[in-house]
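Student: I should like to go through this model with you. Could you take my questions in turn?

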Amino acid sequence: MKITNVEFATSAVRRSQYPVDKKAEFLLVGRSNVGKSSFINTLTNRRNLARISAIPGKTQTLNFYLINEEFYIQVRAANLHLPKMDYPLLLILHHSNESHQ
């Protein structure tokens, strides 16, 4: 897939602030400072679409990016601590926006 159009859609702290259309969503979850913003910027070939902070844990919102006017990528920080797991965690899930209703 070639990404031709990308835009920051919204930030949300509660479900009522999520986009209301029925577009598919990909959820990108990872620990602080794992490179979620860098991944979004690389994927979309845009330098400053997702802001990168030097301070771990700075992002407190769920950020939605609309890709090709077809689907959203949600980016969320996760405070995960799993025993014996010393490497960064990055998880991508796909789900339908219909579950928000």
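Tutor: The conversation below covers confidence, fold, core, helix, loop and salt bridge.

Student: To begin with, what is the average pLDDT of the chain?

Tutor: The model is predicted, and its chain averages a pLDDT of 78. A score of at least 70 is reached by 72% of the residues.

Student: Where is the confidence lowest, and where is it highest?

Tutor: It is lowest in strand β5, residues 90–95, with a mean of 61. Strand β1, residues 6–12, has the highest value, at 92. Where pLDDT is low, the predicted coordinates should not be read in detail.

Student: In what order do the elements run?

Tutor: The chain has one helix and five strands. Starting at the N terminus, the order is β-β-α-β-β-β.

Student: What share of the contacts is between residues 24 or more positions apart?

Tutor: Such pairs make up 75% of the contacts with a separation of 6 or more.

Student: And how much of the chain is buried?

Tutor: Of its 101 residues, 32% count as buried. The chain exposes about 6900 Å², and carbon and sulfur atoms supply 51% of that area.

Student: Which residues make up the largest nonpolar core?

Tutor: There are ten: V6, L28, I40, L49, A50, Y65, I67, F71, I73 and V75. Two elements, β3 (62–67) and β4 (71–77), give two or more residues each to this core. The largest share is that of β4, with three residues. Apart from this core lies another, of eight residues, including L27, L62, F64 and Y72. As a general point, nonpolar side chains tend to be buried together in soluble globular proteins.

Student: Take I67, then. What does it touch beyond four places in sequence?

Tutor: I67 touches I3, N5, V6, T44 and I73. Of these partners, V6 and I73 are also listed in the largest core.

Student: What about L28: buried or exposed?

Tutor: L28 counts as buried because its relative accessibility is 2%, and buried means under 20%. L28 is found in strand β2, residues 24–30. Its C-alpha atom is 5.9 Å from that of Q74, although the two residues are 46 apart along the chain.

Student: Turning to the helix, which residues of α1 are buried?

Tutor: In α1, residues 36–44, the buried residues are K36, I40, N41 and T44. They lie on the same side of α1 because they cover an arc of only 135 degrees around the axis.

Student: What follows α1?

Tutor: The helix is followed by N45, whose phi is positive, near 60 degrees.

Student: Which residue in the loop between β3 and β4 has a phi of about 50 degrees?

Tutor: That is N68, which has this positive phi although it is not a glycine. E69 lies in that loop as well. E69 is not a glycine either, and its phi is positive at about 55 degrees.

Student: Are those two buried or exposed?

Tutor: N68 counts as buried, at 13% relative accessibility, whereas E69 counts as exposed, at 53%.

Student: Finally, how many salt bridges are there?

Tutor: The count is one salt bridge. It joins the side chains of D21 and K23, with an N to O distance of 3.3 Å.

Student: How exposed are D21 and K23?

Tutor: D21 is partly exposed, with a relative accessible area of 25%. K23 is also partly exposed, at 23% relative accessibility.

Technical notes. Residues numbered from 1 in each chain as written. Predicted model: local features only at pLDDT ≥ 70, side-chain atom pairs only at ≥ 80, totals over all residues. Heavy atoms only, no water. Buried < 20%, exposed > 50% of the residue type's maximum accessible area, 1.4 Å probe, protein only. Helix = DSSP H or I, 4+ residues; strand = E, 2+ residues; numbered from the N terminus. Arc of directions from axis to C-beta. pLDDT = per-residue confidence, 0-100. Salt bridge = Lys/Arg side-chain N within 4 Å of Asp/Glu carboxyl O. Core = buried A, V, L, I, M, F, W, Y, C linked by side-chain atoms within 4.5 Å. Contact = heavy atoms within 4.5 Å. Areas by Shrake-Rupley, 256 points an atom, 1.4 Å probe, with all protein chains shown as cover.
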